[in-house]
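Me: I'm new to this one, so could you walk me through it step by step? I'll ask, you answer.

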Amino acid sequence: MQPINFMPQALSRTSSQQPEKLQAGQIIHGKINKIYPNQTAEVQIGNQKIMASLDAPLKAGERYWLQVQPGGGRLQLKVLHGSDKAAEGGIKGAAIQLLAHLAVPQNRESVELANYLLRNQLPVTKDSFVMSLGWLKTSDNLGGALAGIKTMHTMNVPFIDEVFHALQSLENGGTFHEAASKLLGQINERGSNSETLQNVKSLLEKITVPKQFHISSYPVEKLISSWLSTEISPDAKKSAFAILQKAGFFPLDNSEEGTIEKMAANFQNGKNQLPDALKDGLSLIMHYNAAKQSGNPAAGRILELFNRLLKNPADVKTASIQSFSVNTLNAFSSDPNINRGLNQTRVFSGQESVQLIKQLLQALFVKEGDGGQADRQSLTPGQLLSASGGGKDGFGQIHNKLAAMMAGEEETEAGPSRLDTMERQLLMDILAEGDKPPDFTKGKTFAGFLKEMAKMLGVNLEHFLANAGRMETGIPEEHLQTLKPMLMKLLAENQHSSIKESAEQILNRITAQQLLSQDSGPIQNIFMQIPFAISGFQTDLTLQWSGRKKSDGTIDPNFCRVLFYLDLEQMQQTVIDLQIQNRVIKVSVINENHALLEKLSQPFYKTLKTNLEDMDYKLSTVVFESEATVDAKRASLAEGHGRAVRAGNKPYSGVDIRI
């Protein structure tokens, strides 16, 4: 039970609910249901019914070979064959007809491909057929190759080698963890000392090693939280800032006050994407300083609004602050003292300003791995790093310096990077807390883990490339240091052939995830496959989320479907299928030991139901089934529609979920 066997099929079923977008040149095998005036007819292709204009009179109830013609307006179809006289030969006769029309020789692969396309009611062009045939002839996994071709048809992606090989990387067995571990071993054995190769090695170690066993972003995030915290002693906050300086996060040549002023100024002047609440808060601090210096009574009202923003950044919208500015700030904007205050070079100087800025940063700062709480009103460590002017060598070097300081490597020589006793104890406490395994039973922790892994893999690279023109400073450096761009750079270098081959396989896996995460009309699809450790057992987590988008483009939590695939140490291959309709949830667990799992799960039903109700969801049913049972249901459904899907003489295996 390979995850790719059910994930893309679920995607296919989702997409098939949308009208098929036929393109000029495609050939279809359709049935004429009804004839209308002006040579217009209702044509049925599989389960879809479309209205089309025909170039010749046809008979209702007959099947014809039709080719899509170019042109706007109503779909134009040209008749390529007369009534299907080969219908007596069934699907095989139709396949031979298709090969004859395409002028493709009959052989085992071409007949197999034609059969498969017809059974799945997929449109075809000669170019796409010839490309597909070439892939089948070179593939040692016929069923997997056919499944990949079907996915390409369904998703309407280009029929090129790069796309096919990317999808095949998920079909060819093995896990992401195994592929990453293999490349990591080859780098250690045969790799050079190139900067790119070392960056790839560092990323692979973070991805393949369970989070609690390596220094991740946690220490830096915790140090920032400690520095900004209002709940720890001033000495501890001072130590946290000093450690961040010595690790290279903040410049060594600047005081804490100077660092905060510089960050505020850079945030105020920056044109990249920043939280609205940050810009609003800094604007309020500026106006508060100017009003207070001039003795204007509006200072108290500005500070009140600032405190409201700290309590709930999402509630203080830009519009309300603009309205406040019109009603309050304009009342004293003509005061020359106010204007001088706003136009000062150091508008954020002074102890009170520094403390207000720290309060603002604390209210907006969310650790990147902390429960997925980061949103558009949150500040990330990367944004703080960029604004401070530190970390020229990136987070990797900062983590390395922290590790070196803890290992005592920096203690051999006196200097600015040496930790004092209090700083060392604080860092030891933070690292000890970070060694605890993440609690994935908490949804927020798990969501944060998924976001962190997606970022490390670089699945959003193309998004940033497409929007680079809108960013004044270009793509943030942290997104160019992720795995996908690093692998692309590695493949362009002179490296050992085995290293490049393994790197290309991983790159294909990442690209496949991106291809399977495309939207289909109003349906949004997300596909992820990442290494995952449970109690020390290393496996892959494969996830597909498919759901309806609301009119504003955001996710509709009332209607969606989530599928998880895990190969667990004791439970082995397991699929969990969550269907949500109008906030009513049906859970299906697919496992060969379904009867035992159902018995063991009985004590947890009440807890599951209660927890879902707390989130305003209602549990409908929990079903435990074997893969064979699900396959039988699918085969029965397919037989009822007269279109059982087969690859060769064997039924196409996998869990076929219809959304």
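## A loop, its strands and some helices

Reply: Let's start with Asn582: at 55% relative accessibility, above the 50% cut-off, Asn582 counts as exposed. Keep in mind that this is a predicted model.

Me: Where is Asn582 found?
Reply: Look at the strands on either side, β9 (572–581) and β10 (584–590). Asn582 is found in the loop between β9 and β10.

Me: What is the phi of Asn582 in the hairpin of β9 and β10?
Reply: Most residues other than glycine have a negative phi. Asn582 is a residue other than glycine with a positive value. The hairpin has two residues between its strands, and there Asn582 takes a phi near 55 degrees.

Me: And what is the phi of Arg583?
Reply: Arg583 also lies in the loop between β9 and β10. Its phi is again positive in a residue other than glycine, and the value is near 65 degrees.

Me: In which sense do β9 and β10 pair, parallel or antiparallel?
Reply: Take one pair as a guide: the bridge partner of Leu578 is Val587 in β10. The two strands pair over seven bridges, and the sense is antiparallel.

Me: In which sense do β10 and β11 pair, parallel or antiparallel?
Reply: Strand β11 covers residues 618–625. Here Val589 stands opposite Phe624 in β11. β10 and β11 pair over seven bridges, and the sense is parallel.

Me: How many of the seven residues of β10 are buried?
Reply: A residue is buried when its relative accessible area is under 20%. β10 is mostly covered, and the count of buried residues is five.

Me: Let's move to the barrel. What is the order of its five strands?
Reply: The barrel is closed, and its pairing is mixed. From one strand to the next, the twist averages 55 degrees. Going around, the order is β1-β2-β3-β5-β4.

Me: Which residue of β2 does Lys34 stand opposite?
Reply: Strand β1 spans residues 27–36 and strand β2 spans residues 40–45. They pair in the antiparallel sense over five bridges. Across from Lys34, in β2, is Glu42.

Me: Now some helices. How is α12 oriented to α13, roughly parallel or roughly antiparallel?
Reply: Two packed helices are described by the angle between their axes and the distance between the axes. For α12 (residues 276–294) and α13 (residues 298–311), the axes come within 9 Å and cross at roughly 160 degrees. An angle over 145 degrees counts as roughly antiparallel, so α12 and α13 are roughly antiparallel.

Me: How many residues of the contact of α12 with α13 are nonpolar?
Reply: α12 passes α13 in a left-handed crossing. The contact includes Leu284, Ile285 and Tyr288 of α12, along with Ile302, Leu303 and Phe306 of α13. Two residues of the contact are polar and two are charged, while the nonpolar count is eleven.

Me: How do α5 and α6 lie to each other?
Reply: The axes of α5 (residues 142–155) and α6 (residues 161–171) come within 9 Å and cross at roughly 130 degrees. That angle is outside the ranges for roughly parallel, roughly perpendicular and roughly antiparallel. α5 and α6 are therefore oblique.

Me: How many charged residues are in the contact of α5 with α6?
Reply: α5 passes α6 in a right-handed crossing. Among the residues that meet are Gly144, Ala145 and Ile149 in α5 and Val163, Phe164 and Glu171 in α6. By class, the contact has seven nonpolar and four polar residues, and the charged count is one.

Me: How far apart in space are Lys401 and Lys246, C-alpha to C-alpha?
Reply: Lys401 is in helix α18 (residues 395–407). Leaving out residues up to four places away in sequence, Lys401 touches Lys246, Ala247 and Gly248. Lys401 and Lys246 are 155 residues apart in sequence, yet their distance in space is 8.1 Å.

Me: How does Lys401 count by accessibility?
Reply: Buried is under 20% and exposed is over 50%. Lys401 has 32% relative accessibility, so Lys401 counts as partly exposed.

Me: Last one: what share of the 659 residues in the protein is buried?
Reply: The protein has 27 helices and 13 strands. Of the contacts with a separation of 6 or more, 61% come from residues 24 or more positions apart. As for the buried residues, they make up 47%.

Conventions. Residues numbered from 1 in each chain as written. Predicted model: local features only at pLDDT ≥ 70, side-chain atom pairs only at ≥ 80, totals over all residues. Heavy atoms only, no water. Axes fitted to C-alpha atoms, helices over the stretch in contact; angles between N-to-C directions. Helix = DSSP H or I, 4+ residues; strand = E, 2+ residues; numbered from the N terminus. Parallel < 35°, antiparallel > 145°, perpendicular 65-115°, else oblique. Left-handed = near helix turned anticlockwise from the far one by under 90°. Contact = heavy atoms within 4.5 Å. Nonpolar A, V, L, I, M, F, W, Y, C, P; charged D, E, K, R; others polar. Pairing = 2+ DSSP bridges. Buried < 20%, exposed > 50% of the residue type's maximum accessible area, 1.4 Å probe, protein only.
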